[in-house]
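Student: Please take a close look at one part of this structure for me, and then connect that part to the rest in plain words.

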Amino acid sequence: MCAFKRYKKNIKLGIHEDSTNRKKLADFLRYHSSQSGDDFTSLKDYVSRMKENQKSIYFITGENKEAVENSAFVERLRKRGYEVLYMIDPIDEYAIQQLKEYDGKTLVSVTKEGLELPEDEEEKKRFEENKSKFEGLCKVMKEILDKKVEKVTVSNRLVASPCCIVTSQYGWSANMERIMKAQALRDTSTMGYMAAKKHLEINPDHSIVKNLKDKADADKNDKSVKDLVMLLFETSLLASGFSLEDPQIHAARIHRMIKLGLGIEEEDAVGPVETAVTADDMPPLEGECEDASKMEEVD
């Protein structure tokens, strides 16, 4: 294992560049996983532990072990007993683009769209029912978010989180976007194209999503719906590993929600220091006065 830690970057660079020896080099790869604890596991060992009905090797890329381990993307797979590999080296993002499969098993990112988990007929039926039931809410949320996301869909990968941001099959992951933004000589045109490939997935079993659906069904033009959708989107970006275009506006939205919850009037909230974002600078929360009681209903 000490030898792997010493040469892991060279091995992964070989995976990326050496197509002739890629299959042989794959046997030397080691990763932490949702079942390995503090130890490393090989792809061979992962395959030996796969469930009988499992056809893919699941993985997630991220900045560090703690970040991916606590990710919303891992929670359902872990709960159902599926192992997820943690790829936390920057070079993993490049190597995994070339390593498409191992031992006949396709490598699948749990942060990409179209994640298909082995399900029985009852689970498939329930998922289709949820897709139909929340179709209206997905449409409303897409209209509100507009070009911020490509689409809004019902998720089959979430347990405790209300929603998450996933990327298209050929778009960058959140970790890859972070890496590319850190590049001094990055291609800004490519950044704009790849970074736009975001999809919002909602959890139909979460109380926030259920309450939001009720509000949208009652009146899709309810002024508080837009604000709640924007807050859900921004917090999902952060929870999914993306960065916000303007963190100050998000912070101001949160502060206003806190004031509503505490019953503080805007004119009463006068501090000794003027903040970088004022009420005049930030797009106001829709219906913050007349809909205060409505916004408190969703918790």
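Tutor: Four residues, Ile254, Ile258, Leu262 and Ile264, make up a nonpolar patch on the surface of this predicted model. Together they have about 340 Å² of accessible area. One of them, Ile264, sits in the loop that runs between α13 (247-262) and α14 (292-296). Ile264 has a relative accessibility of 36%, so it counts as partly exposed; the band for that label runs from 20% to 50%.

For the setting, take the chain as a whole. The chain has 299 residues, and 45% of them count as buried. It contains 14 helices and nine strands. Its accessible surface comes to about 16700 Å², and carbon and sulfur atoms account for 49% of that. Take the contacts between residues at least 6 apart in sequence: 73% of these join residues at least 24 apart.

Now turn from the surface to a helix with many buried residues. In helix α5 (residues 72-79), six of the eight residues are buried, so the helix is largely enclosed by the rest of the structure. The buried ones are Ala72, Phe73, Val74, Glu75, Arg76 and Leu77. What do these buried residues of α5 pack against? Their partners are the strands β3 (56-61), β4 (84-87) and β8 (163-167), along with the helices α4 (65-69) and α7 (121-133). Both ends of α5 have a detail to look at. At its start, the backbone nitrogen of Phe73 has a side-chain oxygen of Ser71 within 3.1 Å. Just after the helix, Gly81 takes a positive phi of about 90 degrees.

Two other residues have a positive phi without being glycine. Asp103 has a phi of about 55 degrees and belongs to the loop between β5 (101-102) and β6 (105-109). With a relative accessibility of 57%, Asp103 counts as exposed, because that label needs over 50%. Asp146 also has a positive phi, near 55 degrees, and is found in the loop between α8 (135-145) and β7 (151-154). Asp146 counts as partly exposed, at 44% relative accessibility.

Next come the charged residues. Side chains of opposite charge can pair when their charged atoms come close. The structure holds 18 salt bridges. Start with a pair inside one helix: Glu69 and Lys65 form a salt bridge, and their closest N and O atoms are 3.4 Å apart. The two are four residues apart in helix α4, which means that about one helical turn separates them. Glu69 is partly exposed at 27% relative accessibility, whereas Lys65 is buried with a relative accessible area of 13%.

Other pairs reach across the sequence. Arg80 and Glu123 meet through their side chains in a salt bridge of 3.6 Å, N to O. This pair links distant parts of the chain, with Arg80 in the loop between α5 and β4 and Glu123 in helix α7, 43 residues apart. Both count as partly exposed, Arg80 at 22% relative accessibility and Glu123 at 28%.

Glu150 and Lys197 form another salt bridge, in which the closest N and O atoms are 3.7 Å apart. Glu150 is in the loop between α8 and β7, while Lys197 is in the loop between α10 (188-195) and β9 (198-202), so the pair ties together parts 47 residues apart in sequence. Glu150 is partly exposed, with 38% relative accessible area, and Lys197 counts as buried at 17%. There is also a network: Lys8, Lys12, Asp89 and Asp92 are joined by salt bridges that share partners.

Which side chain of opposite charge is nearest to Arg22, a buried residue without a salt bridge? It is Asp18, at 6.9 Å; a salt bridge needs the atoms within 4 Å, so this pair does not count as one. Arg22 is part of helix α2 (residues 22-26). A polar atom of the Arg22 side chain does lie 2.6 Å from the backbone oxygen of Ile15. Leaving aside residues up to four places away in sequence, Arg22 touches Ile15, His16, Glu17, Gln98 and Leu99.

Definitions and conventions: Residues numbered from 1 in each chain as written. Predicted model: local features only at pLDDT ≥ 70, side-chain atom pairs only at ≥ 80, totals over all residues. Heavy atoms only, no water. Buried < 20%, exposed > 50% of the residue type's maximum accessible area, 1.4 Å probe, protein only. Lys, Arg positive; Asp, Glu negative; His and termini not counted. Polar contact = N/O pair within 3.5 Å; in protein donor to acceptor, adjacent residues only side chain to side chain. Contact = heavy atoms within 4.5 Å. Patch = residues over 30% accessible without salt bridge, like charges linked within 9 Å, V, L, I, M, F, W, Y side chains within 5 Å. Areas by Shrake-Rupley, 256 points an atom, 1.4 Å probe, with all protein chains shown as cover.
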